[in-house]
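Reader: I would like to learn how to read the packing of helices and the surface of a protein model. Could you take me through it step by step?

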Amino acid sequence: MERVKLTVLLAAILGSGALFGFYFTMSVSIMPGLDMTEPYAAITANQDIGRATQQSWFFVALLGTPIALIAGIATHWKTPTARNWLALSLLGWVAMMGVTLALNVPLNQVLDGLHITPEQENLADLWAAYAVDWQKWNWLRVLTSGVSLIALEMAFRTAQSFTKAAIAP
């Protein structure tokens, strides 16, 4: 049973870490890089990034992480401290998902629905309006997914300490 518990926690850590890393990378390099390009290129590149993300392994992390967290809560039910850290981690994931669905996805859908040409007027204004709002909400996803990852690390440490104490002579 200890191997199952460890495997569940490691799967949750990998998923949570992937989400945090994805959102962090978007905020510190991809979006600033797109801001440095021409607005037409930024918009079309971001549309392509969104489409590629929808067809990637990203969804394994996005949807697999809460499954692993719930399994972790179930397998650590009799270890209250680990269970509570896992519950906090799940709450961080729920908050991240709420921000994603309520704020970032609608912005992405608006941007994805644009049919633009390189000569079109006001592309800089379109991009700026999108990028500022999207970045603001993405930083909130960085924060919530970071909280989730830290809580998960605390659950892992707690569970490992509990396991060592339980098998010590």
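Reader: How do the axes of helix H1 and helix H3 cross?

Author: Two packed helices are described by the distance between their axes and the angle between those axes. In this predicted model, the axes of H1 (residues 2-35) and H3 (residues 58-75) come within 8 Å and cross at roughly 145°. Helices here are DSSP runs of H or I with at least four residues, numbered from the N terminus, and the axes are lines fitted to C-alpha atoms over the stretch in contact, with angles from 0 to 180 degrees between N-to-C directions.

Reader: Which residues of H1 and H3 meet?

Author: Contact means heavy atoms within 4.5 Å, and among the H1 residues that meet H3 are Val 8, Gly 15 and Phe 22, while the H3 side includes Phe 58, Leu 62 and Gly 72.

Reader: Which residues make the nonpolar surface patch?

Author: The patch, of about 490 Å², is made by Leu 88, Leu 91, Val 94, Leu 140, Leu 143 and Val 147, and helices H4 (80-112) and H5 (123-167) each supply at least two of its residues.

Reader: Is Leu 143 buried or exposed?

Author: Buried means under 20% relative accessible area, exposed over 50%, and partly exposed in between, with a 1.4 Å probe and protein chains only. Leu 143, found in H5, counts as exposed because its relative accessibility is 52%, whereas Val 147, also in H5, is partly exposed at 37%.

Author: Residues are numbered from 1 along each chain as its sequence is written. Local features need pLDDT of at least 70 and side-chain atom pairs count only at pLDDT 80 or more, while totals for chains, interfaces and linings use all residues, and side-chain values use heavy atoms, leaving out hydrogens and water.

Note on methods: Patch = residues over 30% accessible without salt bridge, like charges linked within 9 Å, V, L, I, M, F, W, Y side chains within 5 Å. Areas by Shrake-Rupley, 256 points an atom, 1.4 Å probe, with all protein chains shown as cover. Salt bridge = Lys/Arg side-chain N within 4 Å of Asp/Glu carboxyl O.
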